[in-house]
Amino acid sequence: MIISVVNHSNRKVKDKDLQTVIRAINRQITEDFAPYWSMSATLRLEGRSMNEPDKVGVADMRGDAILYIWDKSDVDGALGYHFANNRGIPYGFVFLDVAEAVGESWTVTLSHEALELLADPEGNLLVIGPHPSADQNRFVFHWFEMCDAVQADTYTIDGVEVSNFVLPLYFTGSRDEDEPGARNDFLGTVKEDDQTTLPSFGINKGGYVGFYDPLINDHVQFTLENDAAARSRVDAKKAIKVARRTLRIRDEQVRTGVMANRNAAMLRIRGAAAPAEQEASVVPASPRATTRRRVSRIEP
């Protein structure tokens, strides 16, 4: 996979600095991520077709997927730009003001988004696993995200700070007693309070997990109790709706609403009455569930 990186930052990030960061993240993907996940990609910096993003401008994407560097989280403007130029192409955003608001280096955010775009390009994969609360007997569908659960853990490559990520065993139903010495995240972070490591479907301090809960028919973002740092991260992202999966859900809602309006219009043209539900502007939608084979043995 070739992931195009387009720099729409006019002040905070210069191309020469971005090239250094891209080189470090490419090393992370090749040397750290791919040996565990057998998935690989190459980031490369592309030019931009104009100084200011414009919905009617020429497309900037020249690879298989695209990551935008954006100064401010003008989500509607950013989405509009993407739709006009690269509709249907897997994408992600690095909003510099959001990274600053949650106290995270933008290089970590770029690493985070790159790994998650690589693992789940369409942002629609789900893995069955236990609900993260005390009730471990109820199962939900976890987002197939590489970095959310460990997003506060970082390390450096060539002086560039990058994100920790989970390993394949993280998405299995086995527990520590079944897999002695198992590693569920790249850094193998040890908790200070009890000296334990990250369990399957668990959360490190400062991280969170997202999942679809069929009991309430909605998506949930879950943090550890009394983890103020993690809560502030989630709140900051939710307030401006920048989570990649959230954006994709909104994209699907927009497309669903457009189709409903088109269908209603066709019925009117043909002289038929449009059903009431087709008059609605948006119909809520959720990403499809994909249960990975390696966890298919888990029965709810």
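This briefing covers a strand pairing with its crossover, the aromatic pairs and one internal cavity. The structure is a predicted model. A search of the whole structure finds 16 aromatic pairs, and a search of the same scope finds 2 cavities of 30 Å³ or more.

**Strand pairing and crossover**

- Strand β1, which spans residues 2-8, runs parallel to strand β2, which spans residues 42-46, and the two are joined by 5 bridges.
- Within this pairing, the residue that stands opposite I2 is T42 of β2.
- Between the two strands the chain passes through helix α1, residues 15-37, and the resulting β-α-β crossover is right-handed.

**Aromatic pairs**

- Among the 16 aromatic pairs found in the whole structure is that of F93 and F95, whose ring centres lie 5.2 Å apart with the planes at 10 degrees; because planes under 30 degrees apart count as stacked, this pair is a stacked one.
- Both partners are buried, since a relative accessible area under 20% is the criterion: F93 has a relative accessibility of 7%, and F95 has a relative accessible area of 3%.
- Y155 and F186 form a tilted aromatic pair, with 5.2 Å from centre to centre and an angle of 35 degrees between the planes.
- Y155 belongs to strand β7 (residues 154-157), whereas F186 lies in the loop between β8 (160-163) and β9 (208-213), so this contact ties together parts of the chain that are 31 residues apart in sequence.
- Y155 and F186 are both buried.
- Ring pairs also link Y155 and F186 into a cluster that takes in F33, Y36, W37, F144, F165, Y170, F171 and F201.

**The second largest cavity**

- The second largest cavity has a volume of about 70 Å³.
- Its lining is made up of H142, W143, E145, D148, A149, Y170, F171, Y208, V209 and G210, and two of these residues, Y170 and F171, are also members of the aromatic cluster.
- Strands β6 (139-143) and β9 each supply at least two residues of the lining of this second largest cavity, and β9 gives the most to that lining, with 3 residues.
- Sorted by class, the lining of the second largest cavity comprises 6 nonpolar, 2 polar and 2 charged residues.

Note on methods. Residues are numbered from 1 along each chain as its sequence is written. This is a predicted model: local features need pLDDT of at least 70, side-chain atom pairs count only at pLDDT 80 or more; totals for chains, interfaces and linings use all residues. Side-chain values use heavy atoms; hydrogens and water are left out. Two strands pair if DSSP finds at least two bridges between them. Helices (H or I, at least four residues) and strands (E, at least two) are DSSP runs, numbered from the N terminus. A crossover is right-handed if, with the strands pointing away from the viewer, the path from the first strand over the helix to the second runs clockwise. Rings of Phe, Tyr and Trp (its six-membered ring) pair if their centres lie within 6.5 Å; planes under 30 degrees apart count as stacked, over 60 as edge-to-face and the rest as tilted. Buried means under 20% relative accessible area, exposed over 50%, partly exposed in between (1.4 Å probe, protein chains only). On a 1 Å grid over the protein atoms alone, a cavity is a set of points where a 1.4 Å probe fits but cannot get out, and a pocket is an open set with protein on both sides within 12 Å along at least five of seven lines; lining residues have an atom within 4 Å of a point. Grid points are joined across faces, edges and corners, and a volume is the space filled by probe spheres set on the points. Ala, Val, Leu, Ile, Met, Phe, Trp, Tyr, Cys and Pro count as nonpolar, Asp, Glu, Lys and Arg as charged, and the others, Gly among them, as polar.
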